[in-house]
Amino acid sequence: MHFRTLRQLSEQAEAAGLSIGRYMLKEQAEETGKSPEEEFQQMAAYYGIMKEAVQRGLTEDTTSRSGLTGQDAKRIMAYREAKDSLLGADASLAMGYALAVSEVNASMGRIIATPTAGSCGIIPGVFLSCQERFGWSDEDMTYGLFAAGAIGYVIANNSFVSGAEGGCQAEVGSAIGMAAGALADVRGAKPTQAIHAVGLALKNSLGLVCDPVGGLVEVPCIVRNGFGAVTALAAADMALAGVRSVIPSDEVVQVMLEVGSAMPDTLRETAGGGLAQTPTGKRIMEDLRRKKK
Amino acid sequence: MRFKDVFSIIGPPMIGPSSSHTAGAARIGRAARQLFGRLPQRADVIFYGSFAATYEGHGTYAAVVGGLLDMATDDVRLPDSLDIAMQEGMQPEAITGKGLYPHPNTAELHLYENSEDEEPAFTLVGTSIGGGNIEIVSIDGFKVKMTGNYPTLVIQNADAPGMIAIVARLLQHHGINIGTMTVDRKSRSGEAMMVLETDEDFPPTLRGELAAYAEIHTVRFVHIT
């Protein structure tokens, strides 16, 4: 890849006269030596798996092995059909879809890690709901995934994308930033403008700890994917409206690295603190251990 | 760069619930299986850090065992790998490790040729760095660095002048470009290991061509797609 920072990414894409997604496809093909068509086909297939996951989450039993989670996507869908939701039809749909994919993940179904399994609901949630709303093609969405991947590539190489290294900000936070920047890109923002969405989004999840109850990717991971989808829409809207991230997005990525490195082990996916160590969190963990025996 | 391309961020396709604790764990197991070259009769799976704290909930143990059975990250049989291991004749054991470890998500694997052996025939230390990506940091006690994302050649040889040149020349002859390379040795003029990640697949004749040199003791290939 010819870029290491979000600034370089957006400037190089603009200089090439391409969207971030189209520029990333070109860079990817150059990096691997495969044809752009082959790379595009693989990403298109991944988008197909995301669609399947949304469908499964809305129609199949998504009760997790622990029994702690499942069926919440269906609750959201039923609610938004019965009543005018506070979020409105579009954001509530993104939220419902995001929960659907995360519930499929928790019930050991097939998903695409974006960038991780713990954060796998956010990008499919906003991509599928916006595709329906704006009538975008699968091709548009596939380029969108390349844009999300380009942003994630910079975040992952300059900071981290795993909860064990950097807390939930690194997983759900990165996914929101990737989704927001990619949505702005698909919606036609200039690359430099789309990159503002990344910094705006990341700032809102700085410090988010990884504290899974019982060590499972269920509580609070699944609902955070629902919230994440809504936040991604908000950050993309801000950037599209011309709101700028005063602290440049690359500097926000560095802050995420600094904050994550300072987090104690107990709040980095060890179930040693946070929600996992509340009285209820501890009771759930005990119950799970007993059930196993 | 720890993450090389767009599909290390978007992807892999996988069976949940965790990319670093399930998909990454499966890929560490699969790297060990490919390096060992066959199914071990017994396997100690030693977990450290966050792996040790949460391996039961994330199915990390089942994922490593699935990898040892050569399953991919989206293989639907992964959740049932412990039963399948029994059927296929491998006895795995999960162990919580003590002491220092290189990364919060670390697994150490000891593979035994026969179930009654006291010493493992093969050892490997792997770390899961996020999003299903891994780094193998040790093989049979040699310090290495490999991701499994590329066609990878692992050679154990006598520590002698010209060994790297022999290997590099053979790869050049086949038009294979070396992307990364690590070398380590146990002692001066003792045993050494070199690990080469390349851009092209290896031709079937390469193993024989390398093994023809008396100083080259083992030749192994890894590529986790």
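How are H3(B) and H4(B) oriented relative to each other? In this predicted model, helix H3 (residues 60–68) of chain B and helix H4 (residues 81–88) of chain B pack with their axes 8 Å apart, at an angle of about 40°. Angles under 35 degrees would count as roughly parallel, so H3(B) and H4(B) come out as oblique to each other. The crossing of H3(B) past H4(B) is left-handed. On the H3(B) side, the contact is made by Tyr61(B), Ala62(B), Val65(B) and Gly66(B), and on the H4(B) side by Ser81(B), Leu82(B) and Ala85(B). Sorted by class, the residues of this contact are 5 nonpolar and 2 polar, with no charged ones.

Chain A offers another helix pair to look at. Here helix H10 (residues 191–203) of chain A packs with helix H12 (residues 249–262) of chain A at an angle of about 30°, and the axes are 8 Å apart. That angle makes H10(A) and H12(A) roughly parallel to each other, therefore. H10(A) goes past H12(A) in a left-handed crossing. H10(A) brings Ile195(A), His196(A), Val198(A), Gly199(A), Leu202(A) and Lys203(A) to the contact, where they meet Ser249(A), Val252(A), Val253(A) and Met256(A) of H12(A). The class split for H10(A) with H12(A) is 6 nonpolar, 3 polar and 1 charged residues.

Still on chain A, the UniProt record (an unreviewed entry) annotates residues 16–276 as "domain: Serine dehydratase-like alpha subunit". Across residues 16–276, chain A is 66% helix and 1% strand. The C-alpha atoms at the two ends of that stretch lie 48 Å apart.

Back in chain B, there are sheets to describe. One is an open sheet of 6 strands, ordered S3-S2-S4-S5-S6-S7, and its pairing is mixed. Strand S3 (91–96) and strand S7 (142–146) of chain B sit at the edges; each has a single partner strand, so one side of each is left without a neighbour in the sheet. From one strand to the next, the twist averages 20°. Within this sheet, strand S5 (residues 122–130) of chain B and strand S6 (residues 133–139) of chain B run antiparallel and are joined by 6 bridges. In that pairing, Val125(B) stands opposite Ser138(B) of S6(B). H1(B) packs on this sheet, where it touches strand S4 (105–112), S5 and S6 of chain B, and its direction makes about 150° with that of S5(B).

Another open sheet in chain B has 4 strands in the order S9-S10-S8-S11, with antiparallel pairing. Its edges are strand S9 (178–185) and strand S11 (216–222) of chain B, each with a single partner strand, so one side of each has no neighbour in the sheet. The twist here averages 15° from one strand to the next. Strand S8 (residues 152–158) of chain B pairs with strand S10 (residues 191–198) of chain B in the antiparallel sense, over 7 bridges. Val154(B) has Val195(B) in S10(B) as its bridge partner. Helix H1 (residues 19–36) of chain B packs on this sheet too, touching S8 and S11 of chain B, with its direction at about 140° to that of S11(B). Helix H5 (residues 163–173) of chain B also packs on the sheet and touches S8, S9, S10 and S11 of chain B; the direction of H5(B) makes about 25° with that of S10(B).

Terms used. Residues numbered from 1 in each chain as written. Chains lettered and ligands numbered in written order. Predicted model: local features only at pLDDT ≥ 70, side-chain atom pairs only at ≥ 80, totals over all residues. Heavy atoms only, no water. Axes fitted to C-alpha atoms, helices over the stretch in contact; angles between N-to-C directions. Parallel < 35°, antiparallel > 145°, perpendicular 65-115°, else oblique. Left-handed = near helix turned anticlockwise from the far one by under 90°. Contact = heavy atoms within 4.5 Å. Nonpolar A, V, L, I, M, F, W, Y, C, P; charged D, E, K, R; others polar. Pairing = 2+ DSSP bridges. UniProt positions renumbered as here; feature names shortened; annotations may be inferred.
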